[in-house]
Structure formats: C-alpha cells, structure tokens
Amino acid sequence: MENNLHIVSSLKDVFSDRILRAVVSNPRLKTAKYKRAELTLRNIGGGEKYQIELFSDKQAFHKNIPSGEPVSAVAELISENGFRQLDAWSAGSYYMLKISKKGKVSCIKKAADRGGAGIGGNNREKNYLLKQDTYIPPLVDLGVFTKDGRVVNSMYDK
C-alpha cells in the first residue's frame with residue numbers, strides 16, 4: 001500500500017507538468033494482458049483529453065480520459081498490469097519513472113532533448129560524412145555529386 005502512495009505522488013509530480021506523450025512499459029509478468037500503453041494529449045471533441053492506447057500481443061485498444069485525470073488512470077494501469085517504467089515528455093522536460101523489483105520508486109527529470117526521439121525528433125538535420133554543397137571532383141566524375149555540389153538522389157546510399 002505504501003508503494004502505491006509513492007507511485008501516485010511521483011505520478012502527480014510528473015503530470016503537474018503538461019505531459020504531451022507518455023509510454024508505460026516493462027510489465028513485471030510475461031503473461032500480462034498488455035505489453036505497453038501510450039498516452040497522448042489530443043484535442044478530442046473540442047477539448048483536450050488523453051488518449052490511452054493499450055497494446056496486447058496482437059491488438060491495440062483505445063480509451064479516452066479527461067486531461068485532468070491521467071494520474072489515476074496511469075496508477076491503475078501500473079497496479080493492474082504490473083508495469084515498471086514510465087517515460088513521459090512535456091514541451092521542455094523528459095521524465096523517467098522506474099519501479100524496481102523490490103518496489104522502490106525512482107523518478108528522474110531531465111531537460112528535453114530537442115532532437116530526441118520523444119517528440120518532434122524526425123526533423124533533425126542528418127549528419128553525413130560528406131556535407132551537401134561541397135564540390136569534390138572525383139565524386140562528380142563518378143556521378144555521386146552534381147557539378148554544383150549536390151548529392152544525386154539515387155546516390156545517397158553510396
């Protein structure tokens with residue numbers, strides 16, 4: 001019971017920030033009904049609500065909850081399914097809540113990585129060995145670069 005109080009207080013700390021996305025994962029038992037759950041803040045029916053997507057082995061189930069009630073919904077998910085990890089992203093922070101095998105709850109808060117995989121990480125500039133707009137005569141002769149230094153689209157893999 002005391003462990004649930006630590007989980008709920010940690011979840012209140014996490015969700016005091018405006019969480020945009022959260023992933024609950026790492027079930028304690030291999031036979032758990034759900035393998036992971038994702039919470040996403042969405043505009044549904046004219047207001048903001050969290051949509052919970054529960055993943056089993058072969059199916060996904062959806063449930064909407066009001067934006068003011070994510071703590072109780074996540075605490076219920078953790079207690080019913082034995083999840084041991086929560087990763088959550090807000091506009092400026094990343095939270096990681098872990099529950100050890102002995103039931104110890106730890107919560108870490110970090111500044112959000114703007115180019116990370118949490119939110120908006122797909123628009124990063126790629127880091128290639130050879131920069132675009134660089135004139136390299138042997139690669140122009142081979143047809144990898146154009147004369148103005150651009151990489152030929154079909155040659156990006158090379």
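Let's start at R21, which stands opposite T40 in strand β2. Please keep in mind that we are looking at a predicted model. T40 has a partner on another strand too: in β3, its bridge partner is Q51.

Now let's widen the view to the strands themselves. Strand β1, residues 19-27, runs antiparallel to strand β2, residues 36-44, and 4 bridges join them. Then β2 is joined to strand β3, residues 47-55, by 9 bridges, again in an antiparallel arrangement. The hairpin of β2 and β3 has 2 residues between the strands, and G45 there takes a positive phi near 60°.

Next, the inside of the protein. In soluble globular proteins, nonpolar side chains tend to be buried together. Which residues touch the most other members of the largest nonpolar core here? They are L11, F15 and L86, in a core of 27 residues. The elements giving two or more residues to this core are α1 (2-15), β1, β2, β3, α2 (70-81), β5 (83-90) and β6 (93-99). Helix α2 provides the largest share, with 6 residues.

Let's stay with F15 for a moment. Setting aside residues up to four places away in sequence, F15 touches L39, Y50, P70, V71 and V74. There is also a second, separate core of 5 residues, and among them are L139, V140, V144 and V151.

On to the rings. The whole structure holds 3 aromatic pairs. One of them is F15 with Y50, an edge-to-face pair with 6.0 Å centre to centre and 85° between the planes. Because F15 lies in helix α1 and Y50 in strand β3, this pair ties together parts that are 35 residues apart in sequence. Are these two buried or exposed? F15 is buried at 11% relative accessible area, and Y50 is buried at 4%.

Now look at W89 and Y94. Their ring centres are 5.6 Å apart and their planes sit at 40°, so this pair is tilted. W89 is buried, with a relative accessible area of 17%, and Y94 is buried as well, at 19%.

I'll finish with a charged residue, R84, in strand β5. How far away is the nearest side chain of opposite charge? That side chain is D87, at 12 Å, and R84 is buried without a salt bridge. Who does surround R84, then? Leaving aside neighbours within four places in sequence, R84 is in contact with S25, N26, P27, R28, L97, K98, I99 and K101.

Thanks for listening, everyone!

Key. Residues numbered from 1 in each chain as written. Predicted model: local features only at pLDDT ≥ 70, side-chain atom pairs only at ≥ 80, totals over all residues. Heavy atoms only, no water. Pairing = 2+ DSSP bridges. Helix = DSSP H or I, 4+ residues; strand = E, 2+ residues; numbered from the N terminus. Core = buried A, V, L, I, M, F, W, Y, C linked by side-chain atoms within 4.5 Å. Buried < 20%, exposed > 50% of the residue type's maximum accessible area, 1.4 Å probe, protein only. Contact = heavy atoms within 4.5 Å. Lys, Arg positive; Asp, Glu negative; His and termini not counted. Salt bridge = Lys/Arg side-chain N within 4 Å of Asp/Glu carboxyl O. Phe/Tyr/Trp six-rings, centres within 6.5 Å; stacked < 30°, edge-to-face > 60°.
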